[in-house]
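Me: I'm new to this structure and would like a close look at one part of it, the aromatic rings. Could you start there and then work outwards to the parts that surround them?

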Amino acid sequence: MTETNNHTEKKPVRVYVDGCFDMVHFGHANAIRQAKQMGDYLIVGVHSDEDITRHKGPPVYNQYERYKLIQSIKWVDEVAEGAPYSCSSDLLDKLNCDFCAHGNDITVSAETGEDVYAVMKANGRYREFNRTEGVSTTDLVGRMLLLTKQHHDHANVEPRYKDKMNEIGSQHVLNPQDHSTKSPYTGTSQFLATSQKIIQFSSGKEPKPGDRIVYVAGAFDLLHIGHVCFLEEAAKQGDFLIVGLHTDQVVNRYKGSNYPIMNLHERVLSTLSCKYVSEVVIGAPYNITASLMDHFKVDVVCHGSTNIMVDVDGTDPYAEPKRRNAFKIIESGCLETTQTIVDRIIRHRIEFEKRNLKKEKREIDIIENSDHKCN
């Protein structure tokens, strides 16, 4: 503490949390949110592609995508790029952090069987928060790999997948939930949203008088670098950004296959975690009507450079904002889409299957052969 003008100022508590943060989802965001609640300033360490590949297998998102995604989460104050895979007192001292935080899941090294945070705990520089149940990066990869299962009939396979399907033949598609014995961390149960969880993620702010209201709508499935770049540009068009999230049924109508990869409630939390987003409309209508624009006092409706699919009745869903001269196409400067992420998984399908199976097996072995218990 320091003495200033006859009163005592409390030194800000600096917290460190690290991870791979691959395919950033609401579970990652919730971990970051809980870590931030433990102090005043949060530094998030993000591991490099090289370190992740060495310890766990290749990441889906590259390090530059993961750095920007983590920086976009509303509770993050600073990102430590290329952070060491293991936390140490030296690292905390270098970053001027008081302690590190981690979820109450496995902290035992698969290689040594030792608690990787043992030293931090012994030094009193470790804090723990609850892991978010119902989601994991491995589970999401499994969902995307299952995307091709219904296309084993080559007559119905989309052309871009035919060569890959021929190449892998009858190779098993990993579904973490198929195993009779499964890790509670990799083989996850369905996530069930609650009003309390949504409140925790929401900013709780309302537009101020005179604020310019921006509205965008879409699936925002598997929050990725393309979404973040688009939302960042959309937020620049005004003062308060509202994101309308379409229902799972609507998304499936215009995207087909097994989309969306994440259900509506999962997408709500992922979108709310983005610092550029002020509010989310849950289950927004596909057609942006006059009543919707009037209700939210929307000044401008934005859309990316992707094609706009007509509504079920063949009409343009953006006809009303266009009629009001309140429609704007914005360029995000990023070509990444949910489809390109799925294509990335499909191209490296066998590699990711092996990674997922290896990760789950290690977790099961640790649980069965140690005193570690999951809460």
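**Rings, and the sheets around them**

Reply: Let's begin with Y117 and Y126, which are both buried (buried means under 20% relative accessible area, exposed over 50%, and partly exposed in between, with a 1.4 Å probe and protein chains only). Before going on, keep in mind that this is a predicted model, where local features need pLDDT of at least 70 and side-chain atom pairs count only at pLDDT 80 or more, while totals for chains, interfaces and linings use all residues. Residues are numbered from 1 along each chain as its sequence is written, and side-chain values use heavy atoms, with hydrogens and water left out.

A search of the whole structure turns up six aromatic pairs. To count, rings of Phe, Tyr or Trp (its six-membered ring) need centres within 6.5 Å; planes under 30 degrees apart are stacked, over 60 edge-to-face, and the rest tilted. One of the six is Y117 with Y126: their ring centres are 5.2 Å apart and the planes sit at 45°, so this pair is tilted. Y318 and F327 make another tilted pair, because their centres are 5.1 Å apart and their planes at 55°. Y318 is buried, with 5% relative accessible area, whereas F327 comes out as partly exposed at 22%.

Some rings have a charge over them instead (NZ of Lys or CZ of Arg within 6 Å of the ring centre and within 35 degrees of the ring normal). R253 lies over the face of Y286, 5.0 Å from the ring centre. K255 puts its charged end over the ring of Y259, at 4.5 Å from the centre.

Now for F21, which sits in the loop between β3 (14-19) and α1 (26-37). Those labels come from DSSP runs numbered from the N terminus: helices are H or I of at least four residues, strands are E of at least two. F21 is buried at 5% relative accessibility. What does F21 touch, leaving aside residues up to four places away in sequence? The list is H28, I32, V44, G45, V46, R66 and I70, where a contact means heavy atoms within 4.5 Å. R66 is 45 residues from F21 in sequence, but their C-alpha atoms are 6.6 Å apart in space.

From F21, step over to the sheet that β3 belongs to. It's an open sheet of five strands in the order β5-β4-β3-β6-β7, with parallel pairing (two strands pair if DSSP finds at least two bridges between them). At its edges are β5 (78-81) and β7 (126-129), each pairing on one side only. The twist from one strand to the next averages 30°; axes here are lines fitted to C-alpha atoms, for helices over the stretch in contact, and angles run from 0 to 180 degrees between N-to-C directions. Six bridges hold β3 to β4 (41-46) in the parallel sense, and V17 stands opposite V44 in β4. Two helices cross this sheet. α1 lies across β3, β4, β6 (99-103) and β7, at about 140° to β4, and α3 (63-71) lies across β4 and β5, at about 165° to β5.

There's another open sheet of five strands, ordered β10-β9-β8-β11-β12 and also with parallel pairing. β10 (279-282) and β12 are its edges, each with a single partner strand, so one side of each has no neighbour in the sheet. Neighbouring strands here are turned by 25° against each other on average, ignoring direction. In β11 (300-303), V300 and C302 point one way and V301 and H303 the other, and all are buried. β11 pairs with β8 (213-218) over two bridges, with V300 as the bridge partner of V214 and Y215 opposite V301. On to β12 (327-329): three bridges join β11 to this strand, and C302 has K328 as its bridge partner.

One last stop is helix α11 (264-272), where eight of the nine residues are buried, so the rest of the structure largely encloses it. At the start of α11, a side-chain oxygen of N263 comes within 3.1 Å of the backbone nitrogen of H265.

Stepping back, the chain has 15 helices and 12 strands, and buried residues make up 52% of its 375 residues.

Notes
Polar contact = N/O pair within 3.5 Å; in protein donor to acceptor, adjacent residues only side chain to side chain.
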